[in-house]
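Visitor: I'd like to walk through this structure with you. Can we keep it quick?
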Amino acid sequence: MLRADGITVRYGRRTVLDGLAFELEPGAIVGLAGPSGCGKSTLARVLALMLKPASGTVSVDGTAVRGWRQRAPRALRTGVALLYQQPRLAVDPRLTLRAIVAEPCAANRVTLDDGVFDRVGLTADLLTRRPHEVSDGQLQRACLARALAMRPRYLLCDEMTSMLDASTQALLVGVVRQYREESGAGVLAISHDDVLLRRWADETRPLHG
Amino acid sequence: MKLDVQGLTVTFRIPGGVVRAVSEVSFQVRPGSCLALVGESGCGKSVLAHALLGLLPGNASVSGSAVLDGELDLVSAPPPVMARRVRGRRVGLIPQSPATHLTPVRTARAQLEEALRELGSTCDASSLAERFGLRPGDLDRYPHELSGGMAQRVANAIALAGDPGLLVADEPTSGLDRPLVERTMDELRSLCDEGRAVLLITHDLRAAERIADEFAIMYASRVVEIGSLEAPRHPYARGLVDAQPDRAFVPIPGTPPELTRLPSGCAFEPRCASAVPACSAVPAFDNGVACHVAS
């Protein structure tokens, strides 16, 4: 269980999340809907241990989180993966696609399972290219492969497909669903698109800012 | 204002090759109607928009024509004519993500007044803003103080300050949430209903379906079908429609070809389930569709 309790986050004087509680069960795909600015992305960053809340606690499978960002224990950090809306802002432009996908494995000194490229439909000729040589859809496939590289127990998708065309959207959502079937991972699907969430998630919870 | 595009081709020379971004594209946009140009990222649709606005970089070469009102060719018009007589006056651009299109260190009013001054318009900023659903007080805010919807309206007001008859909207809704997407689309439709011709470029089929009179489906630099999406005929158009989350929600297998290495035949043939031997030749665009097997 990925669990957050009493989460409060402020940006300056603005309170974005106020005492929020949230639970993500393993094996579930939970949709999270709400208008822009209501705190969906903030919640995802807190759950991914990337943002320390002003108050509140997060626990991953019963282990309470004490350090955030680089101070978070490795085992907790690799257990939760976050996928962003804009792939171009989420990759190092100097690296090849293969190096981008392998980054988490390199940091953790494990070997990358090449099967992950097939899984997201990245062909061998794309792997030697850099981000400016591929389309948004191809780059987001690489970001999904990177998120899955360490086989996380929880996958948080923050507007994963809102920049992409319908076909790539259907493909990536299919990959996430299949990963959930195989691994029993919990998935948080954040989107402002109700039609998409009805198709993708087992249940959808509203978030009011 | 009517736009008539015939055989428009845009290529870019890059180190080690040539990118064919737009190949022999022909379509028309009539006054009071909206044509949605739909396709996945990297198919060439933004390059097409830039070609119509005369904003291509120096390594681009363009052929074909894009004639406005039967008298002005946007492709062959020299840059000073495009700058002084066309952009903002006859062709307006509704930009992608208005919040980043506006200058962050100046108020909305300063930017709108600058546009009016440059265009030599006698209209005043407050009354123009009111037409687009902004209170005059909103104009004294900086872009970061505007909500997404308000920033969109400021961008619309600037695009329409010179009262252009043709509007090119390049992904006007990417990254916006659904209610805002719908509001932006409805505003675009009302501009269209005032008698303007609107070319809407988007990857969001559902948003386009809300307002478009006609669709042009673009794949790997070519327009492969023009018509309604109720009964798509080209296999790619069918695949795109079926990939919608409220339809079959299945992706089209494979990936689109590189624009530097387009196949010699139909570019969709490697991904097409109904391909036949004839598909090794590029199909002609005939009767609304470019396909050897389309019914």
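Visitor: Which residues of H1(B) are buried?
Guide: In H1(B), the buried ones are Lys45(B), Val47(B), Leu48(B), Ala49(B), Ala51(B), Leu52(B) and Leu53(B). Buried means under 20% relative accessible area, exposed over 50%, partly exposed in between (1.4 Å probe, protein chains only). Helices (H or I, at least four residues) and strands (E, at least two) are DSSP runs, numbered from the N terminus.

Visitor: What does that say about the helix?
Guide: Helix H1 of chain B covers residues 45–53, and seven of its nine residues are buried, so the rest of the structure largely encloses it.

Visitor: What follows H1(B)?
Guide: Gly54(B), with a positive phi near 65°.

Visitor: Anything I should know about the model and numbering?
Guide: This is a predicted model: local features need pLDDT of at least 70, side-chain atom pairs count only at pLDDT 80 or more, and totals for chains, interfaces and linings use all residues. Residues are numbered from 1 along each chain as its sequence is written, chains are lettered from A and ligands numbered from 1 in the order in which they are written, and side-chain values use heavy atoms, with hydrogens and water left out.

Visitor: New topic. How many aromatic pairs are there over all chains?
Guide: Three over all chains. Rings of Phe, Tyr and Trp (its six-membered ring) pair if their centres lie within 6.5 Å; planes under 30 degrees apart count as stacked, over 60 as edge-to-face and the rest as tilted.

Visitor: Give me one.
Guide: Tyr219(B) and Tyr236(B) make a tilted pair, 4.4 Å centre to centre with 45° between the planes. Tyr219(B) is in strand E9 (residues 214–219) of chain B and Tyr236(B) in helix H9 (residues 235–242) of chain B, so the pair ties together parts 17 residues apart in sequence.

Visitor: And Phe268(B)?
Guide: Its ring centre is 5.4 Å from that of Tyr236(B), and the planes are at 65°, so that pair is edge-to-face. Tyr219(B), Tyr236(B) and Phe268(B) form one aromatic cluster.

Visitor: Is Phe268(B) buried or exposed?
Guide: Buried, with a relative accessible area of 4%. Tyr236(B) is buried too, at 0%.

Visitor: On to the interface. How many residues does each chain give to the contact?
Guide: Chain B gives 25 residues and chain A gives 27. Contact means heavy atoms within 4.5 Å.

Visitor: How many salt bridges across it?
Guide: The rule finds three between chain B and chain A. A salt bridge is a side-chain nitrogen of Lys or Arg within 4 Å of a carboxyl oxygen of Asp or Glu. Asp193(A) forms a salt bridge with Arg206(B), with the closest N and O atoms 2.6 Å apart.
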